[in-house]
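These notebook entries record what I looked up in the structure shown below. I began with the chain as a whole and then turned to single features.

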Amino acid sequence: MKKLSRVALVLSAIFILSSVTGVSAAAKRVAVKFTDRFVFYVHVAQLYTKDPDKKLAMPVQDVSKKQIANTWHAPRDGGRLHEGQDIFALRGTPVLSATEGYVVNIGENSLGGQTVSVIGAGGRVYYYAHLEAYAPHLAEGDYVTTQTLLGYVGTTGNAAGTPPHLHFGVYEATRGAMNPLPLLSDRPEEKEQTSETRPARSKKKLQR
C-alpha cells in the first residue's frame, strides 16, 4: 500500500506540474481520468483486505425480509438456474445499496436490463438488475453506503411483462453466485421519505 500511495503522490505532482506548464486541456483530462482510475483501484484493493459483510441491508425501500419469496435456483429459460433473489415492489420504488463499497459498473444487458454493480468488502460484488431508471448523477467509481440511492425498481431486460421487481445478486470470486437471502436484514423504518428517494418517472438512462 505504501508503494501505491507514493505512485498516487507522483501522479498528483505530475498533474499539478502540467497545470502550470501549458499542457493542453486534452492532456489534462487524460491525466485526471488516469489519476481517478488509479485511486479507484487503490480503494478496491483495500476492500479485498477486509472480511465480506455478514449482514446486508434490504436493497428495496419499505420491503421486509419476510415479504421475499425464495427464488434462489428457481428454473429459468434455457436450463438456467436463478442466481439471485427477486424482490417485488411497486414500479419506481427506490433501490438502495445493500453495503458500503464502490460502483464498478453501470450499464445494460439483455437479461438484466438497466443494472448497477457495486464491489464491497472482501471483493464481493452486488448486482442490481431490471432497474426502471438510475439514480441522478450516479457514476462508476462512486463511493456508496447503505443510504445511497442506486436506482428504481422496474422491468427492464428480460423482466418485461412481469411484475416490477429488483433482481439482487451476490457474487464472490472463489465461489461464484451465492444466495443473498440468508444475508439480508430489514432496514429500520424511515420516518419520512426524502425528496432524494422519491420514485423516478422516466425510464431514460442517465447519459454519462
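Entry 1. Overview

Before counting, I fixed the term: a residue is buried when its relative accessible area is under 20%, exposed when it is over 50%, and partly exposed in between. I also noted that this is a predicted model. By that cut-off, 42% of the 208 residues of the chain count as buried. I then looked up the secondary structure and found two helices and 13 strands. For the contacts with a separation of 6 or more, I recorded that residues 24 or more positions apart account for 68% of them.

Entry 2. Salt bridges

I asked how many salt bridges the structure holds. The answer is two. As general background, side chains of opposite charge can pair when their charged atoms come close.

The pair I took up to begin with is R91 and E132, whose side chains meet at 2.9 Å, N to O. R91 sits in the loop between β4 (85-88) and β5 (94-96), while E132 belongs to strand β8 (residues 125-134), so this salt bridge ties together parts that are 41 residues apart in sequence. I checked the accessibility of both partners. R91 is partly exposed, at 43% relative accessible area, whereas E132 is buried, at 5%.

The other pair is R124 and E172, with the closest N and O atoms 2.8 Å apart. Here R124 lies in the loop between β7 (113-119) and β8, and E172 lies in strand β11 (residues 165-172), so the pair ties together parts that are 48 residues apart in sequence. R124 counts as buried, with a relative accessibility of 5%. E172 is buried as well, with a relative accessible area of 16%.

Entry 3. The loop residue T155

I next looked up T155, which is found in the loop between β10 (149-153) and β11. Is T155 buried or exposed? It is buried, at 11% relative accessible area. Leaving out residues up to four places away in sequence, T155 touches R91, H130, E132, A160, T162, P163 and P164. Among these are R91 and E132, the partners of a salt bridge in Entry 2.

Entry 4. Nonpolar cores

Nonpolar side chains tend to be buried together in soluble globular proteins. I therefore asked which residues of the largest nonpolar core touch the most other members. Of its 33 residues, these are L56, I87, V116, Y128, F168 and L184. The elements that give two or more residues to this core are β5, β6, β7, β8, β10 and β11. The largest share, five residues, comes from β8.

I followed V116 in detail. Its contacts, apart from neighbours within four places in sequence, are V103, N105, I106, Y126, Y127, Y128, L131, Y134, L138 and L150. I also noted another core that lies apart from the largest one; it has five residues, among them F40, V44, L47 and Y102.

Entry 5. The largest pocket

I recorded a volume of about 400 Å³ for the largest pocket. Which of its 20 lining residues are the closest to its centre? They are R80, H82, H130, N158 and H167. Two or more lining residues come from each of β3 (80-81), β4, β8 and β11. Sorted by class, the lining has seven nonpolar, eight polar and five charged residues.

I then looked up L111, a residue in the loop between β6 (101-109) and β7. L111 is partly exposed, with a relative accessible area of 43%. Residues up to four places away aside, L111 touches R80, H130, T156, G157 and N158. Of these contacts, R80, H130 and N158 are among the residues named above for the pocket centre. L111 and H130 are 19 residues apart in sequence, and their C-alpha atoms are 8.2 Å apart in space.

Entry 6. Backbone angles

Most residues other than glycine have a negative phi. I looked up two residues with a positive value. D62 has a phi near 65 degrees and is found in the loop between β1 (56-57) and β2 (75-76). D62 counts as exposed, at 69% relative accessibility. H137 has a phi of about 70 degrees and is found in the loop between β8 and β9 (143-144). H137 also counts as exposed, at 73%.

Terms used
Residues numbered from 1 in each chain as written. Predicted model: local features only at pLDDT ≥ 70, side-chain atom pairs only at ≥ 80, totals over all residues. Heavy atoms only, no water. Salt bridge = Lys/Arg side-chain N within 4 Å of Asp/Glu carboxyl O. Helix = DSSP H or I, 4+ residues; strand = E, 2+ residues; numbered from the N terminus. Buried < 20%, exposed > 50% of the residue type's maximum accessible area, 1.4 Å probe, protein only. Contact = heavy atoms within 4.5 Å. Core = buried A, V, L, I, M, F, W, Y, C linked by side-chain atoms within 4.5 Å. 1 Å grid on protein atoms, 1.4 Å probe; cavity = no way out; pocket = protein on both sides within 12 Å on 5 of 7 lines; lining within 4 Å. Points joined across faces, edges and corners; volume = space filled by probe spheres on them. Nonpolar A, V, L, I, M, F, W, Y, C, P; charged D, E, K, R; others polar.
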